[in-house]
Amino acid sequence: MADNEFDFVVIGAGPGGYVAAIRAAQLGLSTALVEKRKTLGGTCLNVGCIPSKALLHSSHLFEEATTGFADHGIKASKVELDLKAMMAHKDGVVADTIKGVDFLMKKNKITRLLGTGVITAKGEVTVDPGGTGKKEVLKAKHIVIATGSDVAPLPGVDIDEKQIVSSTGALALPKVPKSLIVIGAGVIGLEMGSVWRRLGAEVTVVEFLDHILPGMDAELSKHTQRTLRRQGMNFEMSRKVTGAKKAKTGVTLTVESVKSGDVEEMKADVVLVAIGRKPYTDGLGLDEIGVERDERGFVTVNDKFQTSVEGVYAIGDVIGGAMLAHKAEDEGVVLAEIVAGQSGHIDYDAIPGIVYTWPEVASVGKTEEQLKEAGIEYNIGKFPFTANARARAMGDVEGFVKILADATTDRVLGVHILGPAAGDLIQECVVAMEFGGSAEDIARTCHGHPGLPEVVKEAALAVAGRALHI
Ligand code: FAD
Ligand code: NAI
């Protein structure tokens with residue numbers, strides 16, 4: 001094979017793209033990875049999952065030190081915030097993890113190319129390094145579009161990443177704003193809103209709908225909002241932002257009530273626009289070669305991730321569905337295996353979604369609303385963290401585990417958790433669902449004591465009305 005010929009060329013080195021490349025290389029395919037950003041890891045590693053979780057953890061520690069330690073008999077006087085050091089920690093975590101991805105590319109002998117990948121013909125990707133750099137033409141048996149997503153803009157509210165920021169700007173504010181308005185009560189809004197509230201900002205979330213976290217089980221969404229409100233986050237629901245005026249002293253937003261049409265003004269030092277993300281396909285040459293997209297711009301694929309053009313595939317955020325790193329990764333693995341002649345599929349009902357507020361919010365499978373709409377009969381088992389010894393010892397008793405199981409077969413159809421470490425607790429439920437498990441399977445599994453997972457076990461027992469510790 002010539003130097004520029006590959007079995008598998010991936011465009012975009014996010015969790016979808018770089019993981020697909022690793023799996024393809026493991027399976028013996030000669031693999032190249034094209035990325036236009038100087039660093040690998042995509043949105044998730046550079047400006048998404050990892051920096052946000054670093055700040056969420058650090059700000060949680062800060063809040064614990066300022067208000068939580070006293071309950072445990074720890075006197076921490078003069079707790080001070082060193083925002084610069086907190087940001088440096090976050091940047092260090094990102095930089096170290098990027099080095100890890102670099103290492104994985106070398107280890108798997110994946111050819112890395114820096115530049116914008118354009119599909120210039122069937123089986124051909126041209127890599128444009130920009131500026132005066134020389135373009136490189138790659139021949140590829142299989143081309144993978146893994147170009148991810150970008151911030152959805154809000155007309156009339158132009159992002160400058162200083163006063164009006166996207167999640168990227170919100171991850172790097174140079175000082176704690178006195179006031180922050182978050183537009184959108186989705187995952188980004190609540191996570192980044194939590195970070196800045198914990199660090200001292202007065203945070204107000206303006207949401208178009210009458211509930212937060214759309215798509216989430218309604219009971220969970222309601223409890224989460226109540227919890228966040230109690231923590232000091234303000235919510236202005238059923239309102240849409242229609243414009244923004246910037247001045248040296250802050251940003252004034254025009255906000256319209258969805259119900260009455262009344263218009264009011266709201267002012268803050270900084271505004272975060274977090275109303276969703278859109279597929280990113282700019283400059284890829286998709287129209288020229290005829291790769292079809294839906295009306296919202298997502299690349300359309302079949303169950304083998306094939307696009308409308310033979311030999312061109314797509315995975316991750318760019319094909320829609322849950323915009324989550326682990327969903328993109330799993331699609332990358334399955335695609336590489338299919339291309340290598342194996343079979344594979346993804347159970348989209350068993351992909352967990354986690355909101356890393358504190359308490360965390362985690363969900364997998366169907367919500368009660370979805371089951372009702374589908375006319376599926378179900379039983380509910382619920383158990384609160386207040387009745388769990390470990391949660392009490394930790395002083396983290398907010399929330400509950402709710403398991404929805406088929407009324408006839410007892411098969412687990414959905415699990416919804418608000419509580420400490422909910423993101424870790426959900427995982428045993430995901431495994432149970434992957435195995436087609438029942439609530440009884442979870443209930444009869446021995447869980448270590450004292451532990452938070454006992455709340456999951458008790459909720460599973462509660463499905464059959466036989467919880468023990470309540
Ligand atoms: P991306 O990660 O977006 O990667 C696409 C890559 O393609 C980018 O690096 C881009 O530069 C590159 N690219 C685009 N076009 C070209 C081209 N023509 N040529 C070369 N390169 C190109 N998900 C979670 O599961 N958990 C979380 O905690 C979480 N937190 C998040 C926090 C924030 C603030 C944000 C914004 C997102 C978060 N997400 C989280 C979502 C997660 O980041 C995405 O679902 C994930 O990154 C999607 O992976 P991907 O590989 O499809 O695309
Ligand atoms: P989102 O889709 O989660 O939420 C956007 C919110 O904005 C919705 O509640 C919507 O009703 C509201 N909205 C839309 N237009 C509005 C307007 N004009 N005025 C007021 N509200 C408006 O999108 P978000 O939070 O931007 O996140 C994007 C993606 O990133 C999500 O799909 C998520 O999957 C991913 N992500 C995942 C994380 C995780 O897994 N922990 C963390 C952060 C992001």
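## Ligand 2 and its shell

A residue counts as near a molecule if one of its heavy atoms lies within 4 Å of it. Keep in mind that this is a predicted model. On that basis, 26 residues sit around ligand 2, and those that come nearest are Glu 191, Glu 207, Gly 276, Met 323 and Ile 354. Sorted by class, the shell around ligand 2 has 16 nonpolar residues, four polar ones and six charged ones. Helix H6 (187-198) and strand E12 (239-247) are each good for at least two residues of this shell, and H6 has the largest share, with four.

Now for the polar contacts, with backbone atoms on the protein side. Ile 354, already listed among the nearest residues, has a polar backbone atom 2.7 Å from a nitrogen atom of ligand 2. Phe 208 also offers a polar backbone atom to a nitrogen atom of the ligand, at 3.2 Å. Over at Ile 188, a backbone N or O atom is 2.9 Å from an oxygen atom of ligand 2. On its own, ligand 2 would expose 850 Å², and the protein buries 79% of that.

So where does ligand 2 sit in terms of domains? Its shell takes residues from both domain 1 (5-62 + 74-150 + 278-346) and domain 2 (164-275), so ligand 2 lies between them.

## Ligand 1 and its shell

Turn to ligand 1 and you find 39 residues surrounding it, with Glu 35, Thr 43, Lys 53, Gly 117 and Ala 325 the closest. The class split here is 16 nonpolar, 17 polar and six charged.

Quite a few elements chip in with at least two residues each: helix H1 (15-26), strand E2 (31-35), helix H2 (42-47), H3, strand E4 (116-121) and helix H9 (325-339). H2 gives the most, four residues.

Thr 43 is one of the closest residues, and a polar atom of its side chain is 2.6 Å from an oxygen atom of ligand 1. His 326 brings in a polar side-chain atom too, 3.3 Å from an oxygen atom of the ligand. Pro 15 works through its backbone instead, with a polar atom 3.4 Å from an oxygen atom of ligand 1. Taken by itself, ligand 1 has 1,000 Å² of accessible area, of which the protein covers 94%.

## The second largest pocket

The second largest pocket holds about 430 Å³ of space. It is lined by 18 residues, and Glu 64, Gln 231, Trp 358, Gly 395 and Asp 396 are the closest to its centre. Helix H3 (49-68) and helix H7 (218-231) are the elements that give two or more residues to the lining, with H3 taking the largest share at five. Remember that H3 also feeds the shell around ligand 1.

By class, the lining has four nonpolar, seven polar and seven charged residues. Domain 2 (164-275) and domain 3 (350-463) both contribute to it, so the pocket lies between them.

## Backbone oddities

Trp 358, one of the residues closest to the centre of that pocket, is joined to Pro 359 by a cis peptide bond with omega about -5 degrees. Pro 359 is in the loop between strand E18 (353-355) and strand E19 (360-365).

There's a cis bond from His 449 to Pro 450 as well, with omega near -5 degrees; Pro 450 is in the loop between helix H13 (439-443) and helix H14 (453-463). Lys 109 is not a glycine, yet has a positive phi near 55 degrees. Look for Lys 109 in the loop between helix H4 (83-107) and strand E3 (111-114).

Conventions. Residues numbered from 1 in each chain as written. Chains lettered and ligands numbered in written order. Predicted model: local features only at pLDDT ≥ 70, side-chain atom pairs only at ≥ 80, totals over all residues. Heavy atoms only, no water. Polar contact = N/O pair within 3.5 Å; in protein donor to acceptor, adjacent residues only side chain to side chain. Areas by Shrake-Rupley, 256 points an atom, 1.4 Å probe, with all protein chains shown as cover. Nonpolar A, V, L, I, M, F, W, Y, C, P; charged D, E, K, R; others polar. Domains from an automatic or database assignment. 1 Å grid on protein atoms, 1.4 Å probe; cavity = no way out; pocket = protein on both sides within 12 Å on 5 of 7 lines; lining within 4 Å. Points joined across faces, edges and corners; volume = space filled by probe spheres on them.
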